[in-house]
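Subject: The two-chain model

Hi,

Here is the structure I promised to pass on. Could you open it next to this email while you read?

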Amino acid sequence: MSIKIIKAGISDAFFDEGRFGHQQSGINPTGAMDTVSIKIANALVNNFYNEAVLEMHFPAATILFEKPALVALSGANFSATVNDKILPINTPILIHQQTVLHFKNPVEGARVYLSIRGGFALQPWLNSYSTNSLIKVGGFNGRALQKDDIVSFNQQYDYPVNNTSKPFKILPLSASTVGLYKQGALRIIAGPHFKNLTTDSQQQLVLQSFTITNDNNRMGYRLKSSPLQLSKTQNIISSAVTYGCVQLLPNGQLLILMADHQTTGGYPIVAKVIAADLVSLAQKKSSDSISFQIVTPAAAEEAYMLQHRHLLQIQNACKLQLNDRINFLCRS
Amino acid sequence: MATGFTINPLGDDALIIEFGDEINVETNQRVIALQQYLKINIIEGIIDIIPAYTTLTIVYNISVIKKLSRDQIAFKWLQKTLISILQKQLIIQKNESRKLSIPVCYHPSLAPDIEWLADQHQLTTDEVISLHSSTIYQVYMLGFLPGFPYMATVNQKLATPRKSTPRKIVAAGSVGIAGNQTGIYPFASPGGWQLIGKTPISIFDINEQQPALFQPGDVVNFYPITLEEFNHLQEE
């Protein structure tokens, strides 16, 4: 069993949480931009939470399912349709044979994630299935999907599909993402070089809005705003950086490092978006306006643990209910 | 701070241990000694340990550390744990450095900036080659690209700033100078270093358990080879 790419999207590639343990060799982790979505998409099809999923941007791929498959979508709303019928996200779907998944419209968010029950058959490297497009390894041949690519599934399941007048069946189970994403200002922790900003710039950081420019991708988001300044020029010695670090560029504009960030950097780090809010940041796109609020390390950790526990609840609820629902499905 | 250090948060899921504010071998040895110690004496919840010139960054999983830290915030618990490790600093000795000799062809056809650089410093290209290859370098860190080694310290007579306009493509294996650092590009990549040579050996291999040839703490020297030797070695 497999999917076939009828039309490639602008950037569709496979990711799990990332490849950690090798940054001392300069190997960047390249995890999914929105790790909450991968966990939800996996929970909804009874997968291991870190099974690699397909991360798609808009315009996304048009995908042919030749045989029935149990899938879930989570993350952005790109008006997913199967044979032109609208498909809900955050719920398991049995897609019928000979149907086409197509995304019509970027309604909300920046990237959508597709999971398949049992996972996709991909190339692991250093214990992760995430695509590293720089080194060209991991995922599907280390690259984004192209037209005519066929991606196999790890497991073969038989789903008896009798009623083929509809192109899919929705399972009566859904995950609520309310509370997992942050509305309004993104929470940040003051970075190592926050204190080097002028007092005005420190205030600007939390008072003004920043626009995400068109220069944004998995490596980083360039922001536009009135420029920020350091109180004196600083000779920064290169040091490790992480996803969410907010760097101050020489022109006074900010750059937020994202999932494909290089392992080290030499620009001042004025802030870091907290771990819990990286997923909200990941769903922002060109022209979106963002703002920041400073929180304490304790508050940041609390936000992360809340999100973590919420995800565990969703995973547990899915485990409890899915087996029954899938068995029922296979009997009908 | 010859013996001191500071430990500060880098956001909520990492922290930075800083051992000094100047680039020198002694400070970097302390960074690497702690990295080596933590690789053996594993603290559950730490997911990456990244050495740089003067800092060691620890990336951690908040939920795993919180199981250990209980009421304390994860950062504070980890900070305390690291302080107590560092206070036993007599125990942390850096392993003996590995020594690597790297063949480099300095022929202008492979070294697009060597003649310009020689000119800038009023040297002949032979003098550039001699100065570059007679220095012993320390690998301070890897970064920028997978497997890219930052080595120092280049002879003062050769130290040159990066190009003001980086090249769109630098060939894999290119050996360059930026400031008083020297390095090797593991892949073709955009880059701003001054290219003074090329190595025929691969410094990053995805099929190896340890894909990067270099590690922080390695001691490196370059030795000149001819264009014929370069072509021969590259074919292997």
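Below are some notes on the interface between the chains, on a sheet in chain A and on one helix residue.

Please keep in mind that this is a predicted model.

**Where the chains meet**

Let's begin with chain B against chain A. On the chain B side, 43 residues are in contact with 37 residues of chain A. Together the two chains bury about 3,200 Å², and 66% of that lies on carbon and sulfur atoms. Within chain B, the residues that lose the most area to chain A are Leu10(B), Asp12(B) and Asp48(B), which together make up 17% of what that side buries.

There is a polar side to this interface as well. Between chain B and chain A, 14 residue pairs are in polar contact, counting pairs with both residues at pLDDT 80 or more. The interface also holds 3 salt bridges. If you would like one to look at, try Lys66(B) with Glu301(A), where the closest N and O atoms are 3.0 Å apart.

Which elements of chain B give two or more residues to the side that touches chain A? They are the strands β2 (14-18), β3 (46-51), β4 (55-60) and β6 (137-142), along with the helices α2 (62-69) and α3 (74-87). The most comes from β3(B), with 5 residues. Sorted by class, this side of chain B has 26 nonpolar, 11 polar and 6 charged residues.

**The sheet in chain A**

Chain A has an open sheet of 6 strands, in the order β2-β3-β10-β5-β8-β12, with antiparallel pairing. At its edges stand β2 (12-15) and β12 (168-170); each has a single partner strand, so one side of each is left without a neighbour in the sheet. From one strand to the next, the twist averages 30°.

At the β2(A) edge, the partner is β3(A) (residues 53-56), and the two pair in the antiparallel sense over 4 bridges. You can find your place in this pair with Phe14(A), which stands opposite Leu54(A) in β3(A).

**A residue in helix α2 of chain A**

Gln204(A) sits in helix α2(A), residues 199-207. What does Gln204(A) contact, leaving aside its neighbours within four places in sequence? The answer is Phe210(A), Ser226(A), Pro227(A) and Leu228(A). Phe292(A) is 88 residues away from Gln204(A) along the chain, and the C-alpha atoms of the two are separated by 9.7 Å.

Happy browsing, and do write back with any questions.

Best wishes

How values were computed
Residues are numbered from 1 along each chain as its sequence is written. Chains are lettered from A and ligands numbered from 1 in the order in which they are written. This is a predicted model: local features need pLDDT of at least 70, side-chain atom pairs count only at pLDDT 80 or more; totals for chains, interfaces and linings use all residues. Side-chain values use heavy atoms; hydrogens and water are left out. Contact means heavy atoms within 4.5 Å. Buried area is the accessible area (1.4 Å probe) that two parts lose on being put together, summed over both. A salt bridge is a side-chain nitrogen of Lys or Arg within 4 Å of a carboxyl oxygen of Asp or Glu. A polar contact is a pair of N or O atoms within 3.5 Å; within protein, one must be able to donate a hydrogen and the other to accept it, and residues adjacent in sequence count only if both atoms are side-chain atoms. Ala, Val, Leu, Ile, Met, Phe, Trp, Tyr, Cys and Pro count as nonpolar, Asp, Glu, Lys and Arg as charged, and the others, Gly among them, as polar. Two strands pair if DSSP finds at least two bridges between them. Axes are lines fitted to C-alpha atoms, for helices over the stretch in contact, and angles run from 0 to 180 degrees between N-to-C directions.
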